[in-house]
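Please examine the structure shown here. The paragraphs that follow it lead through selected pairings of side chains and packing of helices.

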Amino acid sequence: MIRSVVVLIVLLAGCNPVARISANATAIRNEAGALIDHGNATGDQIVVQGATRIDEHAAAIHGDIPSVQAITPAWLSTIQWWGIAVAVAGVAFVLWQSGAFTAVRIAIGWLPRRKVAAAELAVSTLDPSRPEGDRELVAALRADPEFDAAFKRAKGRKQKGAT
């Protein structure tokens, strides 16, 4: 379903009305030429005159084509912009969930304050001359909601295993 909608939008976006007008006018002139040839072969001057008028009108269409502008309908332009926005949001979501944005943040040195504070506390915990202990480190790490949820789950598993 989604694939067919995407194909339809691509086809609608790729249709150039000026090119279609030109192709149709050329097809009309070709048919008119065939009618003129048929009218001359059969001696039917009414068909020849009618086909000649049709050919002249199609030639006039070709003359007017340079002044015609292809304008994208507003609804199609809106769909295109929405498609671009959804694609950008999708790429951002995939990069975020894969951890690529984290790598970019680390590369440019933009680290969250909470993570920096926890890292400084961890370094202090490893220094024997500092009074900070393991409990302070765990308390700082539990300030992160994801870590806290994982901590509670691990603590619950350990308590179930101990009994």
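R142 counts as partly exposed, because its relative accessibility is 30% and the partly exposed class lies between the limits of 20% and 50%. The model in which this value was computed is a predicted one. The side chain of R142 meets that of D148 in a salt bridge, with an N to O distance of 2.6 Å. D148 itself is buried, since its relative accessible area is 16%, and the limit for a buried residue is under 20%.

D148 has a further partner. It also forms a salt bridge with K152, where the closest N and O atoms are 3.4 Å apart. Both D148 and K152 belong to helix α8, which spans residues 145-162, and they stand four residues apart, about one turn of the helix. K152 has a relative accessible area of 51% and is therefore exposed, as the exposed class begins over 50%. Through salt bridges that share partners, R142, D148 and K152 are joined into one network. Side chains of opposite charge can pair when their charged atoms come close.

How many salt bridges does the structure hold? There are three. One of them is formed by the side chains of R29 and D55, at 2.9 Å from N to O. R29 is located in helix α2 (residues 17-42) and D55 in helix α3 (residues 45-64), so this pair ties together parts that are 26 residues apart in sequence. R29 has a relative accessibility of 31% and therefore counts as partly exposed.

The two helices that carry this pair also pack against each other. The axes of α2 and α3 come within 8 Å and cross at roughly 160°. Angles over 145 degrees count as roughly antiparallel, and α2 and α3 are therefore roughly antiparallel to each other. Their crossing is left-handed. On the α2 side, the contact is made by I21, S22, A25, T26, I28, R29, A32, L35, I36, G39 and N40. On the α3 side, it is made by Q45, V47, V48, A51, T52, I54, D55, A58, A59, I61 and H62. R29 and D55, the partners in the salt bridge, are thus among the residues of this contact. By class, the contact of α2 with α3 has 13 nonpolar, seven polar and two charged residues.

A second helix pair is formed by α6 (residues 113-126) and α7 (residues 134-141), whose axes come within 9 Å and cross at roughly 165°. Are α6 and α7 roughly parallel or roughly antiparallel to each other? Given the crossing angle, they are roughly antiparallel. The crossing of α6 and α7 is left-handed. From α6, the residues A118, L121, A122 and T125 make the contact, and from α7 the residues D134, E136, L137, A140 and L141. This contact of α6 with α7 has six nonpolar residues, one polar residue and two charged residues.

T125, one of the α6 residues in that contact, can be followed further. T125 is buried, because its relative accessible area is 17%. Not counting residues up to four places away in sequence, T125 touches E132, G133, D134 and L137. Among these, D134 and L137 are also listed in the contact from the α7 side. In the other direction along the chain, R105 lies 20 residues from T125, and the C-alpha atoms of the two residues are separated by 26 Å.

Terms used: Residues are numbered from 1 along each chain as its sequence is written. This is a predicted model: local features need pLDDT of at least 70, side-chain atom pairs count only at pLDDT 80 or more; totals for chains, interfaces and linings use all residues. Side-chain values use heavy atoms; hydrogens and water are left out. Axes are lines fitted to C-alpha atoms, for helices over the stretch in contact, and angles run from 0 to 180 degrees between N-to-C directions. Helices (H or I, at least four residues) and strands (E, at least two) are DSSP runs, numbered from the N terminus. Angles under 35 degrees count as roughly parallel, over 145 as roughly antiparallel, 65 to 115 as roughly perpendicular and the rest as oblique. A crossing is left-handed if the near helix is turned anticlockwise from the far one by less than a right angle, and right-handed if clockwise. Contact means heavy atoms within 4.5 Å. Ala, Val, Leu, Ile, Met, Phe, Trp, Tyr, Cys and Pro count as nonpolar, Asp, Glu, Lys and Arg as charged, and the others, Gly among them, as polar. A salt bridge is a side-chain nitrogen of Lys or Arg within 4 Å of a carboxyl oxygen of Asp or Glu. Buried means under 20% relative accessible area, exposed over 50%, partly exposed in between (1.4 Å probe, protein chains only).
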